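Open the model in your viewer and keep the selection box at hand. Each stop below gives you something to select and then says what is there.

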Amino acid sequence: QGLRNHGNTCFMNAVVQCLSNTAPLAERLALGRYRARGARAEVTQRLAALVRALWTRQYTPQLSAEFKNIVSKHSSQFRGNAQHDALEFLLWLLDRMHEDLGAASPAQQSRGPTQVGWALGGRARSADPARPFARSSLTCPHCLRQSNTFDPFLCISLPIPLRQTRPLNVTLVLQCERWRFVRVGLAVPLLGTVADLREMVARHGRVPAEQVILAEVSPRGLLRSLADPEALRAAGEAAPVYAFQPPPARRAGSGSLMGLAGGGGSLTGIGGRDAARSSDCLHRAPGGRILLLLCNTAGTGPQLARFGPPLVLREERGVSWEQLQQNILAQLRGVLRGEVRPQGTGALFRIRLAGGSPPCTYLSPQDPRPLCHPAIDRALQLCGAGGPPHVRLTVEWDTSTKERLFGSIQEEVVQDAESVRQQQQAHGQQHSCTLDECFQLYTKEEQVRAPPGR
């Protein structure tokens, strides 16, 4: 039920409505379950009469006018028809009620210890309702000595918990779903690291975390790999995040072999003069396997764009250019327009290290062991912590060869899991919290650091 405005008394009416709808207080006032201190309690008595009238539907404007007059009588600052702050009036009214009901004002009480009823974190409240105190506890982490401070209070300013997560979409490229790319929505911590993201992806994909390779993949190719110590705040801003699982170990040479391009002649000139050769600067025998993360691109300059799915290969370090080219083609057989027949020993494409600073490093088709080049070793050494070590490569096709072998194929088709919509919806809504969560944050223990030099 509304209250009549008696000339800029909206601040007063708002406070009365708040108190009237605070059930425990309204019940005490409306049912007279309080003990007043004689004539001095007339502010509380007028308030109780007003609340009682609101709940019994017997309100008349005379009741709110009388309440205003009583308030003006006991507080000169609220006389007349000037505008006032509702919170300021609420604090004055609560303090006045505290006096009317037989206790000294908290502002008049001396600071000192009292019996503690309950405690949450570093703050507590007095068990004596007539002596409301807040206790602030400080414990030295070295000597464990505790210091308690008691402060009277009528109200507390509660902090509002902020959202602790943000949505991040990650495209999973797992071995159990080789040609099925699934984009999932995750709620990643705002202050988390890439290690947290790696664990979330591992749980979502049901794969070991140490097998997950996280990288940003743009429409122009691979940008960078993500290392565990990195902060999550920038992940996914420059390009979408992909999560790759390396293929299982296989014996050397077991990949499907396919011929080279049919129709159009040899391409021996690609990657020749400007490509580095490992035999020029490598003086040790190759050995072991290496993980390669590749994207196929076509075009130049602004028209450069990747096509087909990004790939993860496990190759022998001593593999030849011809064998490496065949293995890459074998991984692309699902998107080739037809069978590729051999046409000499030429190179269908160029291969360069992705993400490096100019000038770009290209692998040479004339190199007997292109993956043994020192630039590959440097790329492996620069791999950050988390996930298996790998090298990012870009396979560059000229436009005519790409069109002849793959047609107009673009990027891979990615399916959105239901979690993408759920996370967008959850984080798109206005952030809400309960009053209990505000109290939990208010009473949460915090580490207080001493000022420098002490």
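The tour goes from the whole chain to single residues.

**Before you start**

This is a predicted model, in which local features need pLDDT of at least 70, side-chain atom pairs count only at pLDDT 80 or more, and totals for chains, interfaces and linings use all residues. Residues are numbered from 1 along each chain as its sequence is written, and side-chain values use heavy atoms, with hydrogens and water left out.

**Stop 1: the whole protein**

Show the cartoon. The protein has 11 helices and 15 strands. These are DSSP runs numbered from the N terminus, with helices being H or I of at least four residues and strands E of at least two.

Colour by accessibility next. Of the 454 residues, 41% count as buried. Buried means under 20% relative accessible area, exposed over 50%, and partly exposed in between, with a 1.4 Å probe and protein chains only. The accessible surface comes to about 24,800 Å². Carbon and sulfur atoms hold 51% of that surface. The areas come from the Shrake-Rupley method with a 1.4 Å probe; for residues, only the protein chains shown count as cover.

Now the contacts (heavy atoms within 4.5 Å). Take those with a sequence separation of 6 or more: residues 24 or more positions apart account for 68% of them.

**Stop 2: the cysteines**

Select Cys140 and Cys143. How many disulfides does the structure hold? Zero. A disulfide here is a pair of cysteine sulfur atoms within 2.5 Å. The cysteine sulfur closest to that of Cys143 is in Cys140, at 3.6 Å, so the two are too far apart for a bond. Cys143 is exposed, at 52% relative accessible area. Add Cys360: this residue is partly exposed, at 42%.

**Stop 3: the second largest cavity**

A search of the whole structure finds two cavities of 30 Å³ or more. On a 1 Å grid over the protein atoms alone, a cavity is a set of points where a 1.4 Å probe fits but cannot get out; lining residues have an atom within 4 Å of a point. Grid points are joined across faces, edges and corners, and a volume is the space filled by probe spheres set on the points.

Go to the second largest one, which has about 30 Å³ of space. Select its lining: Leu3, His6, Thr9, Met12, Asn13, Val16, Leu50, Ser64 and Phe67. Which helix gives the largest share of this lining? Helix 1 does, with three residues. Helix 1 (10-20) and helix 4 (61-74) each supply at least two. By class, the lining has five nonpolar, four polar and no charged residues. Ala, Val, Leu, Ile, Met, Phe, Trp, Tyr, Cys and Pro count as nonpolar, Asp, Glu, Lys and Arg as charged, and the others, Gly among them, as polar.

Stay on helix 4 and pick Ser72. Ser72 is buried, at 12% relative accessible area. Leaving aside neighbours within four places in sequence, Ser72 is in contact with Phe78 and Arg79.

**Stop 4: helix 7**

Select residues 321-331. Eight of the 11 residues of helix 7 are buried, so this helix is largely enclosed by the rest of the structure. The buried ones are Trp321, Leu324, Gln325, Gln326, Asn327, Ile328, Leu329 and Ala330. What do they pack against? Show strand 10 (289-298), strand 11 (305-316), strand 12 (350-353), strand 13 (362-363) and strand 14 (391-397).

Glu322 is also in helix 7, but it is partly exposed, at 37%. Draw a C-alpha distance from Glu322 to Pro365: it is 7.7 Å, across 43 residues in sequence.

**Stop 5: two arginines with positive phi**

Most residues other than glycine have a negative phi. Select Arg57, in the loop between helix 3 (42-55) and helix 4. Its phi is positive, about 55°. Arg57 is exposed, at 72% relative accessibility.

Move to Arg206, in the loop between helix 6 (194-205) and strand 7 (213-218). The phi of Arg206 is also positive, near 60°. Arg206 counts as exposed, at 79%.

**Last stop: Gln422**

Select Gln422, in helix 10 (residues 418-428). Gln422 is partly exposed, at 41% relative accessible area. Add Pro167, 255 residues away along the chain. The C-alpha atoms of Gln422 and Pro167 are separated by 9.6 Å.

Definitions and conventions: 1 Å grid on protein atoms, 1.4 Å probe; cavity = no way out; pocket = protein on both sides within 12 Å on 5 of 7 lines; lining within 4 Å.
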